[in-house]
Amino acid sequence: MVLRSVGFLFSIVVACSGSIDIEKYLKTCNRNSPDVNDCLVDAIQNGITAMAGGIKDIGVPPVDPYHQKEQKIEYKNNQIQAKMVTKDILVLGLKESTVRDARLRVDDDSFHLEVDMFSPAVSLSGRYEGSGSYNDLNVVAHGTFVTNMTDLVYTWKLDGKPETINNEVYMKIKSFYMRPDVSNMQVYLTNESPETKELTALGVKIVNENWRLLYKELLPIVQANWDKIGVRVANKIFLKTPFNRLFPNTS
Ligand SMILES: *[C@@H]1O[C@H](CO)[C@@H](O)[C@H](O)[C@H]1NC(C)=O
């Protein structure tokens, strides 16, 4: 009991001092080295593996599978209206990705990092509740969904600004952007509302035949979601470790 309390106190002290040994989890890169971009390719590739199951010490959530509680999607276009709430979403596939290139640009008041990525397959699945209308035809449906995508090519773009916290300079990530090019996408839905089963089956068939169009239309909505997730996850690292330790400047 006493030992446990001491251990508890100790962990509070460590947490308050804010000193987390980031090097234990992530490779750091000298920001002035001519090889910084190659170093970053390695660091990010290893970082994805390290972060797949989450890093509890610094509050990084598991990123593969990534779990999202809920996302609402609303879509309106001429005669088509659709509202969908998706829940218990699991995103699989990041850990099989390849980091192809990285480019870092840092100066006194800005941070910009681009990371070229390739993912052979990404799968999203979960539950959904939705309603849609086409002219005066109304469909209500609920069930499970799977969206499988293959050969995704994309670039992460992170922008940050320095921020001083307790006399230490951190790089706070302000925005995260990506726009994946996808080779193929297929949607599978189950519908547990018997009266609209056939209609949703038809809807899914139409969606799968026109997925490029749908993907383009839905991209702004999912991008806003990625921006939030990307900023949040990145700052678990960037706001936990002073910039000079994350990107040493030792030349
Ligand atoms: C979708 O992708 C997941 C993960 O790769 C896989 O397990 C599943 O079989 C795929 N579903 C279909 C219907 O292809």
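## Around Ala141 and the strands beside it

Setting aside neighbours within four places in sequence, Ala141 makes contact with Gly130, Asn191, Ser193, Thr196 and Thr200. Keep in mind that this is a predicted model. Ala141 itself sits in strand E5. Is Ala141 buried or exposed? Ala141 has 21 C-beta neighbours inside 10 Å, and the cut-off for buried is 20 or more, so Ala141 counts as buried. Ser183, on the other hand, is 42 residues away from Ala141 in sequence, with 28 Å between the two C-alpha atoms.

Now for the strand pairing. E5 runs antiparallel to E4, and 23 bridges hold that pairing. Within it, Gly126 faces Phe145 in E5. The two strands make a hairpin with two residues in between, and Asn135 in that turn has a positive phi of about 50°.

E4 has other partners too. Strand E2 (residues 80-92) is antiparallel to E4, with Thr86 placed opposite Tyr128 in E4. Strand E3 (residues 98-107) also pairs with E4 in the antiparallel sense, and there Arg103 sits across from Glu114 in E4. A hairpin of two residues links E3 to E4. Here are the pairings side by side:

| Strand pair | Sense | Bridges | One facing pair |
|---|---|---|---|
| E2 and E4 | antiparallel | eleven bridges | Thr86 and Tyr128 |
| E3 and E4 | antiparallel | nine bridges | Arg103 and Glu114 |
| E4 and E5 | antiparallel | 23 bridges | Gly126 and Phe145 |

On to the ligand. Which residues surround the ligand? They are Leu92, Ala121, Ser123, Val146, Asn148 and Tyr188. Strand E4 (110-134) and strand E5 (137-165) each contribute at least two residues to that shell. If you're thinking about the chemistry of the shell, its residues split into four nonpolar and two polar, with no charged ones.

E5 turns up once more beside a helix. Helix H4 (residues 211-238) has Ala234, Ile237 and Phe238 as its buried residues. What covers these buried residues of H4? The cover includes E5, along with strand E6 (168-177) and helix H5 (243-246). An α-helix has 3.6 residues a turn, so residues three or four places apart point the same way. H4 also has a kink of about 45° at Leu219, shortly before the proline Pro220.

Terms used: Residues numbered from 1 in each chain as written. Predicted model: local features only at pLDDT ≥ 70, side-chain atom pairs only at ≥ 80, totals over all residues. Near = placed C-beta within 6 Å. Helix = DSSP H or I, 4+ residues; strand = E, 2+ residues; numbered from the N terminus. Nonpolar A, V, L, I, M, F, W, Y, C, P; charged D, E, K, R; others polar. Pairing = 2+ DSSP bridges. Buried ≥ 20, exposed ≤ 12 C-beta atoms within 10 Å, placed from the backbone. Contact = placed C-beta atoms within 7 Å. Bend = angle between axes of the 7 residues up to and from the residue.
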